[in-house]
Structures are given as C-alpha cells and as structure tokens.
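Student: Got a minute to walk me through this one? I'd like the overall picture, then some detail.
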Amino acid sequence: MMRTLRIKGFSATGQPISTPTTKFGGQPVWLAGPQWPISAAWDRPMRFVGQIELGPVLAAAGHGKVAYVFMTHADHEENFFDPDIIDPDGGENAVIVQPGGDYAGPVRPLASGPGLYDGDGSAVEFTVDLRPVDEPGSMTDEEPEALSSSDRDRYVELVDGDKIGGTPLFFQGDEWPDGGPWRLLLQLDSNWVPFHLNLGASPRMFAFVSEDGTQGRLLVQDS
C-alpha cells in the first residue's frame, strides 16, 4: 500500500500565500533563485499552476523541497492552445524542483509571472484540503485484466481522483515518462477544479518527481 494525500477540496485565500506550502495559483514562493520556465516554441513565460511540498511524497529525500508546476497556457479570452502541453519532453510544461533541482529547459529569473485565473479572468489562489489515505501500488497495463470485474472496479475506485502522491490511474496506457525512477507528484482532473486550466477535452494531468528529489516531469492524457 502507498500513502496518498487525497485532494478533498480547494479553499480560496484571502491574501497571497508567502510560505512554501502546497497551493494552486497565485505566485511561486521560491526557495532558491527564481527559475521561471519559458515556452520552447513561443518564447513566453509558462503559466504557474501550483507548488507542492515534496516531504509527503518522497519522505526524507523530499524534506525541505518544493516542486513548482508550470505549463504553456493562454491568457483569459486569448485564442491560443499548444497541443505539446501533453508531452513531458515537448518544451511546453515544466516541473521545477528547489533547492538542488535539475531542469534542462530555458528559464528566466522572474520572481512572478502568469498565474491561474477563474472563469472571469480574475487571478486566483487556493490552498487544498488534504486527507491521507492508503492505496494499492501501480499495475502494468495487463495486470488489471487478470482481476475479476469487481476487483478491477475496486482498484480503480481506490486510485482514482485528484491527489498528491500515490498511484497514477492512467487511462491511455502505462505512460510513465522516460528516465526516472519516478513517483507520482500530482494527479488532477482539470475540468473539475475551481480555476480555468485548459488541457484538452476530458484531460487528466500527471506530474512526477524523481525518487532522489531532483527532477520532475508532466504529461496529460485526454480522451
């Protein structure tokens, strides 16, 4: 079994968060010098999605570290979408780890930049209500087929949903990024969150962090 932090809800903040705690939106609270990732194709700062404390995900290897999640994304009412956001190596998303992280893409020393917004285009920032649960480990593509239908449904129920850490529930094949070994950092169904994040028609975001707490990757599956 693996310990997971299930995201039970989002709470809007009344003022900007200035500590390196897990949150979505607002501006990153950098632990080291600012490293704002830049879109490979568009030469523009990516949009900051959120930051996640790594201690609960990696235990000792993540103590005192934070992962910052970004992706290329349009401004409010801008007619712009880059399909390469789904690709962990497409240059249109980034997971920056501080301190001591290793990110190969272009960055700029920007302390602040584009952040999340709601349906009206207003900037938003949220803390998360996290509940610890235990869930089963990962299966290969073939393993669920050997289960009874009830056991397979139970497995899906246990690993489904928005969460930090735990077991990814892929629905388009076992799509771990190259390299690693990786741990799941974030699983998020972006169509059902209180902020606007256009990742496709029915997308699920997966962010990963290396077991040594130095690198991250992000991918999106969309049906």
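Tutor: Sure. Keep in mind that this is a predicted model. Of the chain's 223 residues, 45% count as buried.

Student: And how many helices and strands are there?
Tutor: The chain has two helices and twelve strands.

Student: In what order do the elements run?
Tutor: From the N terminus, the order is β-β-β-β-α-β-β-β-β-α-β-β-β-β. The radius of gyration is 17 Å, close to the 17 Å from the globule rule for 223 residues, so the chain is as compact as a globular protein of that length.

Student: What box do the C-alpha atoms fill?
Tutor: Roughly 50 × 40 × 35 Å, along the principal axes.

Student: Contacts next. What share join residues at least 24 apart?
Tutor: 68%, counting contacts between residues at least 6 apart in sequence.

Student: Now the surface. How much area does the chain expose?
Tutor: About 10,300 Å². Carbon and sulfur atoms supply 49% of that.

Student: What about charges?
Tutor: There are 15 positive and 33 negative charges in the chain. Their mean positions lie 7 Å apart.

Student: Let's go to the C-terminal part. Is β12 mostly covered or mostly uncovered?
Tutor: Mostly covered. Strand β12 spans residues 216-222, and five of its seven residues are buried.

Student: Which strand does β12 pair with over seven bridges?
Tutor: β11, residues 203-210, in the antiparallel sense. One of the bridge pairs joins F206 to L219 in β12.

Student: What's between β11 and β12?
Tutor: Five residues; the two strands form a hairpin. In the turn, G213 has a positive phi of about 70 degrees.

Notes: Residues are numbered from 1 along each chain as its sequence is written. This is a predicted model: local features need pLDDT of at least 70, side-chain atom pairs count only at pLDDT 80 or more; totals for chains, interfaces and linings use all residues. Side-chain values use heavy atoms; hydrogens and water are left out. Helices (H or I, at least four residues) and strands (E, at least two) are DSSP runs, numbered from the N terminus. The radius of gyration is taken over C-alpha atoms; the globule rule is 2.2 Å times the number of residues to the power 0.38. Buried means under 20% relative accessible area, exposed over 50%, partly exposed in between (1.4 Å probe, protein chains only). Contact means heavy atoms within 4.5 Å. Accessible areas come from the Shrake-Rupley method with a 1.4 Å probe; for residues, only the protein chains shown count as cover. Lys and Arg count as positive and Asp and Glu as negative; His and the chain ends are not counted. The place of a charge is taken as NZ of Lys, CZ of Arg, CG of Asp or CD of Glu. Two strands pair if DSSP finds at least two bridges between them.
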